[in-house]
Amino acid sequence: MPEAIVGAHLGRERPLEEAAGLGADCVQIFLTDPQSWAKPPAREDADELRASGMPLYVHAPYLVNVCSPRSNVRYGSRKILQQTCDGAAEAGAAAVIVHGGHAEDGIDQGIGRWARSLEMLKTDVPVFIENTAGGDNAVARRFDALARLWEAITAAETDVKLGFCFDTCHAHAAGEELDGAVERVLAVVGRIDLLHANDSRDPPGTGADRHANLGDGQMSPEALRAMIGAAGPPVVIETPGDADAMRADIAFVRDALARG
């Protein structure tokens, strides 16, 4: 396995074939429609995925918000997160990535619900919480809120292995200063287990989660390279475009890692 693991978020149908075509070292997929509450279906290629040796990351549906004060959203989120973790385990996934979410009644209340959700979750697959781009009372948008969340969930009575996924576009959208951002995050979470390397279509601080190809968006290419180099691998790109565009983004990441 290459030391500098770099890959891409790809379609659900033939991820290993697509990854090979890109020269990727790892792959990230959804197990189902990211805007659906449906249980992920069993994958016919689960054995192939497990045996491939290629690290597989599974992104939970966007709808998951375990810190919501609305019981139907919270219970539904806990259910689909559990089902996603179960499906990820069957495919031999390295981790499940899930957005931090938000609580309309306040960040502290949402943080408490996250801790309770982790105490209820049963999985051997690590769960990586990802910083979010926007949302009022988001529990992992601003780094000060992330620090409160991390303190609570690391104290939760759970056997779930926790990790952190840092998204460069989300930090930009949240309005965080990108210079030294990785170092500030590391001071909170201790380590970055996965980096989502994405440029942004929008100016900083807008809360807009719209990704652009690396070096083609509103983020400074130098800032992107610095964050990639500081965070290190593994890295997954979640950028738009065809295979050539993704190959160019993977090359951008590998160059930044080599410099960093």
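Where in the chain does R141 sit? Some quick notes on this one, bearing in mind that the model is predicted.

1. R141 belongs to the loop that runs between β5 (127-130) and α5 (143-154).

2. Here's the thing I'd look at: R141 is buried, yet it has no salt bridge. The nearest side chain of opposite charge belongs to D136, and that is 5.4 Å away. A salt bridge would need a side-chain nitrogen of Arg within 4 Å of a carboxyl oxygen, so D136 doesn't make the cut for R141.

3. What does the side chain of R141 reach at 3.0 Å? That would be a backbone atom, namely the oxygen of A133.

4. As for the surroundings, set aside the neighbours within four places in sequence and R141 still touches a fair list of residues. On the list are T132, A133, G134 and G135, then A173, A174 and E176, and finally G205, T206 and G207. A133 therefore turns up both as a contact of R141 and as the owner of that backbone oxygen.

5. Zooming out, the protein chain has nine helices and ten strands. Of the contacts with a separation of 6 or more, 74% link residues 24 or more positions apart.

6. On overall size, the radius of gyration is 17 Å, which agrees with the value near 18 Å for a compact globule of 260 residues. Along the principal axes, the C-alpha atoms fill a box of roughly 45 × 45 × 30 Å.

7. Last, burial and surface. Buried residues come to 56% of the 260 in the chain. The chain exposes about 11100 Å², with carbon and sulfur atoms supplying 47% of that area.

Note on methods:
Residues numbered from 1 in each chain as written. Predicted model: local features only at pLDDT ≥ 70, side-chain atom pairs only at ≥ 80, totals over all residues. Heavy atoms only, no water. Helix = DSSP H or I, 4+ residues; strand = E, 2+ residues; numbered from the N terminus. Buried < 20%, exposed > 50% of the residue type's maximum accessible area, 1.4 Å probe, protein only. Lys, Arg positive; Asp, Glu negative; His and termini not counted. Polar contact = N/O pair within 3.5 Å; in protein donor to acceptor, adjacent residues only side chain to side chain. Contact = heavy atoms within 4.5 Å. Rg over C-alpha atoms; globule rule 2.2 N^0.38 Å. Areas by Shrake-Rupley, 256 points an atom, 1.4 Å probe, with all protein chains shown as cover.
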